[in-house]
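Please work through the exercises below with the sequence and the 3D structure at hand, trying each task before reading its solution.

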Amino acid sequence: MSSYFTRAKDDLAYNERVFVEGRGHFVDDIIKPGALHMSIVRSPYARAKILSIKGGMSSKDLGARMASVGEGAMEGKNSVIQPVFATGYVNYVGEAVAAVFADDRYKSEDLLDSVEVEYEPVKPVVSIEDALSSPPIHQGLKSNIISEGWRGKEFPDPASPIVLEDVFMNRRIATNPIEPRGIVADYDGKVLSVWISTQSVHSIKEGLCEALGLGPDAVRVMQADTGGAFGSKGGLYPEYVIASFAAMKYRRPVKWIETRMEHLSSTSHGRGAKGIVKIFAERSGKITGLKGEVIVDAGAYGAGMGEFASRFIATMMTGPYMIENAHVKSTSVLTNKVTLGPYRGAGRPEASFFIERMVDKLADELKVDPVDLRILNSSESKFRSPLGMEIDAAKPFLDQAVKELDYRRKAKSTHNIGFSFFVLVPAFAPGETARVKVDGGKVSVWLGGNSHGQAHEVFVRKLVNEELGVPENLITLYRGDTGMLKDGVGSWGSRSAMVGGAAVISACRKMKEEVITKFGKYSVQSLLSGAFDVYVNEEQKGSLNSFGANLATVDIGKLGSVKVRECAAYYDVGRALNMDMVIGQIQGGMAQGIGQTLHEEMAFNEDGQLLTASISDAGVPLAEDIPNFEVKVAQNPSRLPHGAKGLGESPTIGVPTALARAIEKASGKRIRETPIRPEHIL
Amino acid sequence: MENVKIRSRVNGKDIESEVEPRKLLVHYIREDLGLTGTHVGCDTSNCGACTVLVDGKAVKSCTMLAVQANGREITTIEGLSRQGKLHPIQEAFLEKHGLQCGYCTSGMIMTSFWLLRKNRNPTEEEIRKNLSGNLCRCTGYQSIVDSITYASKLMKADETEKEGIMVEQ
């Protein structure tokens, strides 16, 4: 029988080869003697008063509240922060009500039946419209609005002859990594040790310390191999707090592994945003102003991405275009659904969908080529958008993209064609941490943000080799471990190769200076003969841009089925640190872009019941649904020492908009939402 | 219910176990035998992360009970390489980057093994159709299709080499 602790130290390294041999170390592969398996009693109602709970561990045993950590974390009002266990009321289907523990997963699932919960159902608030017109779902609030604000300055309507307005929707979708969430927690009387599938061991640690009132020395969080995440594994969830609390209470290791049904009902969803957009334009096609509103369906609790997302989307509503006036309202509302979280792009695809759909609509109104309209509204020089985005000169990239994607020729031969243009602003600030250690002739590296499939080890080996001259086979990147690196941010927002890479370079340069101080001059031999240990927190301020464009062509069948004939990308990735990895990220993201556009939705009925409760119903695309992609990249280096830019989210921004336009052309029906269903185009 | 004795051949070894009659084959493989390369991804037999070979055929091990494996031959991802040498399909997945997070990979490789046994020279369309029971969320499938195409070439080259050796002998 395999045991996590009997494996060699090197097994804590990221290593692609282990996966083809079935020797990965995912969290469910960690087998600890004497472990308890945890199962969660979840709410069957979207909204109900809890009258009584008999059996199991529940809010009477653990009255803690969640902590807001990770991507999009916000300081929240106490009344909207999720309790670890539902307290008094349940507010979404799948909310944790009680927990049971047994020697194995079969027995703990049996025990679920032993917990009796009496509910008094209440009419739930399901849609954004319901939320705006209904009394607040939580006591102590004035309304269901949990965040509200404006971006840009109010301006009088321009005297432009063209005024267009429309309403768009990106429906909720599940992130659906093939590995669900999971945790193993163990307590030795002093330190709570946690192994977890995550994008950031540091946010998990911060969250557990805050929720359980533990000091930083009392918690160590270690990353298991992480089988995809796409935004959903960056923050804290109730199950992590419960499993940790139980490990401390029972003094036995506790394992919890999410089922797919639990993933769909209880792991945060992405998208879920409505956009109301009005644009003003001259007959020439020049857009003179944009007014709008973004409303985000935040789900049942706040203090995270749901609260933050509306403001973030509003900031990006003018896209890469030079539009002088813009004023956008942002609102996030509470509904009786699982909380909204980041999903690959996390606000960027929504903003892009709203502006790109309007630009296409304007092109139809003026009967001009939509790409010409995009060129006309792009700037030759960098500028600050009225909503607060710093945008580099967009037109030179766009001109090149039109050529690289062969748009002019294809638009002549194909009617059903869509072209999109966007700027990805990755999560640049506040930078990232790295630790580089030399000992025994080998280089070990830890990064603040942790890989969940992006092969961070590939760029780390390359950069350390470039900086220090050490052969790549002597360089190892280890999985995230708060015991080995004191703090860090996380892997999200297209940031790792960019800011994590910059941190690795900074640590290497510091180490080089130490070698020079010690030996008088630098050589690989002197470095490897010594013992060095450098930690850096490489801070980043301001922002970076990655431009991108997509082209799509489609055919539509008699029953409204869409066949993606062609899906191409041209993205500025900065300096590509490894072209195979760059292409892999782009292809994978493009498939997710097709998924959102054609297949994926987390749908609820009027009772707040989840209608899409299997991974198939949720619409994760099959190999047959996806074409071969044509991917081209521009390598315009960023201002960072290694020239890298963000790229992981580019495809989920650019593909839905290009595809929506191609479908609009093919069907003759205005496309206003994703996913696009046959009834929208027949 | 009382435990039941089962005998099966797993990765070439005869194994006798006592299992709960309700235990799924995938949990028997992972937890009783410690072969954690076979994964659970969806619980509804959609994702294929749990694919193994039962008597040579690709089967989703979450859809079978361990007791149904009695008297049968099971091959898991751990049984594919021989004396530390990767199977050509494993080599191909590495070479063509047919994986990112690595979670669906075992199932993808086992399904590919079955596909290439039935059809040594599959077209891209046939490959995509045969992968309809295996989900990947990271790669967009293109590199997986490339891996399988490349594996079919490697396997053909292997056979040619073996035939060559036999002729020489």
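Three exercises follow, and they concern a predicted model.

**Exercise 1.** Work out whether the end-to-end distance of helix α16 of chain A agrees or disagrees with the expected span, and whether the helix is enclosed or open.

*Solution.* Begin with the 18 residues of α16(A), residues 650–667, which at 1.5 Å a residue should span 26 Å. The expected span is taken as 1.5 Å times one less than the number of residues. Next, compare this with the end C-alpha atoms, which are 26 Å apart, so the two values agree. Then turn to burial, where a residue counts as buried under 20% relative accessible area. Because 16 of the 18 residues of α16(A) are buried, the helix is largely enclosed by the rest of the structure. Finally, look just past the helix, where Gly668(A) follows with a positive phi near 75 degrees.

**Exercise 2.** Describe the largest pocket and find which helix gives the most to its lining.

*Solution.* Start with the space in the largest pocket, which is about 820 Å³. Its lining has 35 residues, and those closest to the centre are Phe308(A), Phe312(A), Ala427(A), Phe428(A) and Ala429(A). By kind, the lining residues divide into 16 nonpolar, 11 polar and eight charged. Both α4 (201–212) and α7 (305–315) of chain A supply at least two lining residues each, and α7(A) gives the most, with five.

**Exercise 3.** Identify the edge strands of the six-stranded open sheet in chain A.

*Solution.* First write down the strand order, β6-β14-β13-β12-β7-β25, in which the pairing is mixed. The edge strands are then β6 (145–152) and β25 (673–674) of chain A, each of which pairs on one side only. Within the sheet, β7(A) and β12(A) pair in the antiparallel sense over nine bridges, and Phe168(A) has Gly275(A) in β12(A) as its bridge partner.

Conventions: Residues numbered from 1 in each chain as written. Chains lettered and ligands numbered in written order. Predicted model: local features only at pLDDT ≥ 70, side-chain atom pairs only at ≥ 80, totals over all residues. Heavy atoms only, no water. Helix = DSSP H or I, 4+ residues; strand = E, 2+ residues; numbered from the N terminus. Buried < 20%, exposed > 50% of the residue type's maximum accessible area, 1.4 Å probe, protein only. 1 Å grid on protein atoms, 1.4 Å probe; cavity = no way out; pocket = protein on both sides within 12 Å on 5 of 7 lines; lining within 4 Å. Points joined across faces, edges and corners; volume = space filled by probe spheres on them. Nonpolar A, V, L, I, M, F, W, Y, C, P; charged D, E, K, R; others polar. Pairing = 2+ DSSP bridges.
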